[in-house]
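Here is a short tour of one protein chain. Start with the sequence and the structure, then read on.

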Amino acid sequence: MRTLKWIGLVLLLLAVVIVGGLEVAHWTLPNSNTQQAKFDAIVVLGTPSKDDGTPSPEQRERVLEGVRQWKAGVAPVIIMTGGAAHNKFVEAHSMAVYAEQQGVPESAVIEENKAQNTVQNIYYSNEIMQQHGWHSAEVVSSKSHLPRAGMILSHFPLAWKTDGSAKPAEYGWWREALFEFNEAQYCWTLRRKGFPKSKFLPQ
């Protein structure tokens, strides 16, 4: 019995070291490359809608943060980015509809509806910005997602900073901890292996 307790303790300590190391690596990633406060566009990164097409809690909070920033005058337009990556509903459209319900005029919302992952969110949003002659963006996402977004943004010719949305009231601490751990793993993998462009970027 004592041996089992020691094994359990060692495994627990090992888990703490691994998680702690991942988190340190995660939160030392860049969150901006500019000091500017005004931008050409706000980019809200997609996350799945509910199975009925309405915003999921995480999607709702990302949109609400983007709307807050738009109302504060951070940028004149919001790019909602995300295709039908996880169910039949296009994330950008669900987000755009919700933003318009919060008082943002349709003319101030652009829908990017092709992206299937975070790299493509930024790739296709950057394409839209280039078409309009825009060169700077505030990028909104869940706080746990921002370090990975920052890693990806650093590969694009934009002036950018990230802005984190609020934690959904429906989510407990354990769910947030799981998000943090998963995102830290993503970032660790990207740091070690780089970007698998053939998989994530359009050909």
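Two strands count as paired if DSSP finds at least two bridges between them. By that rule, strand β4 (residues 136–142) pairs with β5 in the parallel sense, over seven bridges. Keep in mind that this is a predicted model.

**The chain as a whole**

The chain has seven helices and five strands. Read from the N terminus, the elements run α-β-α-β-α-β-α-β-α-β-α-α. The chain holds 203 residues, and 48% of them count as buried. Its accessible surface comes to about 10,900 Å². Carbon and sulfur atoms supply 58% of that surface. Contacts often join distant parts of the sequence: among those with a separation of 6 or more, 74% link residues 24 or more positions apart.

**The sheet**

In which order do the five strands of the sheet stand? The order is β3-β2-β1-β4-β5, in an open sheet with parallel pairing. The edges are β3 (109–112) and β5 (159–165), and each of these pairs on one side only. Neighbouring strands are turned by 25 degrees against each other on average, direction ignored.

Helix α4 (residues 118–132) packs on this sheet. The helix touches β1 (41–45), β2 (78–81), β3 and β4. The direction of α4 makes about 130 degrees with that of β3.

The table lists three strand pairs, each with one pair of facing residues.

| Strands | Bridges | Facing residues |
|---|---|---|
| β1 and β2 | four bridges | Val 43 and Ile 79 |
| β1 and β4 | four bridges | Ala 41 and Ala 137 |
| β4 and β5 | seven bridges | Val 139 and Thr 162 |

Strand β1 pairs with β2 and also with β4. Is β1 covered on one face or both? Both faces are covered. Ala 41, Val 43 and Leu 45 are buried on one side, and Ile 42 and Val 44 are buried on the other. That makes five of its five residues buried.

**Helix α4 up close**

Helix α4 has 15 residues. From its first C-alpha to its last, α4 reaches 21 Å, close to the 21 Å expected at 1.5 Å a residue. At its start, a side-chain oxygen of Asn 117 comes to within 3.2 Å of the backbone nitrogen of Val 119. Just after the helix, Gly 133 takes a positive phi of about 75 degrees.

Which residues of α4 are buried? They are Thr 118, Val 119, Gln 120, Asn 121, Ile 122, Tyr 124, Ser 125, Asn 126, Ile 128 and Met 129. An α-helix has 3.6 residues a turn, so residues three or four places apart point the same way.

**Strand β5 and its surroundings**

Thr 162 sits in strand β5. Its relative accessible area is 13%, so Thr 162 is buried; the cut-off is under 20%. Besides Val 139, Thr 162 touches Asn 31, Leu 146 and Leu 153, leaving aside residues up to four places away in sequence. Glu 138 is 24 residues away from Thr 162 in sequence, yet their C-alpha atoms are 5.6 Å apart in space.

Leu 146 and Leu 153 also belong to helix α5 (residues 146–153). This helix is mostly covered: eight of its eight residues are buried. Along with the two leucines, the buried residues are Pro 147, Arg 148, Ala 149, Gly 150, Met 151 and Ile 152.

Ser 165 lies in β5 as well. Why does Ser 165 count as buried? Its relative accessibility is 3%, and buried means under 20%. Beyond residues up to four places away in sequence, Ser 165 touches Glu 61, Arg 62, Glu 65, Ser 141, Ser 142 and Lys 143. The C-alpha atoms of Ser 165 and His 145 are separated by 9.9 Å, with the two residues 20 apart along the chain.

**A contact from helix α2**

Ser 142 has another partner. Glu 58, in helix α2 (residues 57–71), makes a polar contact with Ser 142, side chain to side chain, at 2.7 Å. Glu 58 counts as buried because its relative accessibility is 13%.

How values were computed
Residues are numbered from 1 along each chain as its sequence is written. This is a predicted model: local features need pLDDT of at least 70, side-chain atom pairs count only at pLDDT 80 or more; totals for chains, interfaces and linings use all residues. Side-chain values use heavy atoms; hydrogens and water are left out. Axes are lines fitted to C-alpha atoms, for helices over the stretch in contact, and angles run from 0 to 180 degrees between N-to-C directions. Contact means heavy atoms within 4.5 Å. Buried means under 20% relative accessible area, exposed over 50%, partly exposed in between (1.4 Å probe, protein chains only). Accessible areas come from the Shrake-Rupley method with a 1.4 Å probe; for residues, only the protein chains shown count as cover. The expected span of a helix is 1.5 Å times one less than its number of residues. A polar contact is a pair of N or O atoms within 3.5 Å; within protein, one must be able to donate a hydrogen and the other to accept it, and residues adjacent in sequence count only if both atoms are side-chain atoms.
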